[in-house]
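Here are my notes on the model. Please read them with the structure open.

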Amino acid sequence: MTPIAWLIIAAIVLPLAYFTWVLATLDRRGALAVQSNLGRGFSQSGSVVTARPPAVLSVAKRLTPGSYEAKLDRWLALAGRPASMPLEKLIIAKPVLALTGAVLAILLFRAAPTSPNLGIGVVVTALGYFLPDLLVYNKGIKRQEAIQLELPNTLDQMLISVEAGLGFEAAMARAGQHGEGPLAQELTRTLQDMQVGRPRQDAYQAMAERSSVAELRSFVRAVVQADKYGIGLAKVLRTQAKQSRVKRRQRAEEKAMKLPVKVLFPLIFFIFPVLFIVLLGPAAINIIQALT
């Protein structure tokens, strides 16, 4: 066998062997004993003992570094924590998809052992592992863009409500009830956090941490400072709404100025050649016929 074939076999067999070794060396008896000892007091007091997580989830968490798991949790927070993609499901799906891609790569290489098939197999395996990350990251980016787009109108609506005599939290509730999109969901969640007993400033800070929009973070900081020092919230809302509208206009102008540069490359490589062929093609054909 060639060295490339041995390298492929090692790249497939070694991860599978490590995965099998992790499954075989799980201390199930020790985990059950610890869980029973910890749950004994709760069971005696009448509380419900939580179920042990599945073995697949435990193995997937052991295979996933802690920092990488924290990054996935951050991306899920930016994406609004969709119900179809919880963190546990995401951690399990990544090695399963990678293993499926590796199996497909092996079958493809066995059918035609060539270098292009080897490269395709590696790409498919890597794509299977990082595909959930790409989906969550893309969803998070779109959600933050929607929040950034909705923020000026929402601030204007809250400003009108506050100037009409409503309190700040009542204005937030009104904007959350009558609004549509992720920003209304964030406002509603912040109010729910305060209703269950979370401090007001902590709830505002949590809303800012769940977003990467700079305008929303600035708004939260201004509201927290106004609440701490007793500044009128109507003035804060008016200033923040004005700044948000100015920044939205600046972003629109920036995109408009970038548009000619983005159009330049398709114009040069796709439109100009076709235009030259249409204009100069008949003349070139006549010249060739005259010379021949």
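1. Where does helix 11 bend by about 50 degrees? The bend is at Leu 267. A bend is the angle between axes fitted to the seven residues ending at a residue and the seven starting there. Helices are DSSP runs (H or I, at least four residues), numbered from the N terminus.

2. This is a predicted model, in which local features need pLDDT of at least 70, side-chain atom pairs count only at pLDDT 80 or more, and totals for chains, interfaces and linings use all residues. Residues are numbered from 1 along each chain as its sequence is written, and side-chain values use heavy atoms, without hydrogens or water.

3. Helix 11 covers residues 233–291. Its 59 residues reach 83 Å from first C-alpha to last, close to the expected 87 Å (1.5 Å times one less than the number of residues). Its buried residues (under 20% relative accessible area, 1.4 Å probe, protein chains only) are Val 236, Leu 237, Gln 240, Ala 241, Ser 244 and Gly 281. Helix 6, helix 7 and helix 10 are among the elements covering them.

4. Helix 6 spans residues 115–163. It has 49 residues and reaches 69 Å, close to the expected 72 Å. A kink of about 45 degrees sits at Phe 130, shortly before Pro 132. Gly 165 follows helix 6, with a positive phi near 120 degrees.

5. Helix 4 (residues 66–78) also meets helix 6. Their axes, lines fitted to C-alpha atoms over the stretch in contact, come within 7 Å and cross at roughly 35 degrees. Contact means heavy atoms within 4.5 Å. Trp 75 is one of the helix 4 residues involved, and Tyr 137 is one of those in helix 6.

Terms used:
Axes are lines fitted to C-alpha atoms, for helices over the stretch in contact, and angles run from 0 to 180 degrees between N-to-C directions. Helices (H or I, at least four residues) and strands (E, at least two) are DSSP runs, numbered from the N terminus. Buried means under 20% relative accessible area, exposed over 50%, partly exposed in between (1.4 Å probe, protein chains only).
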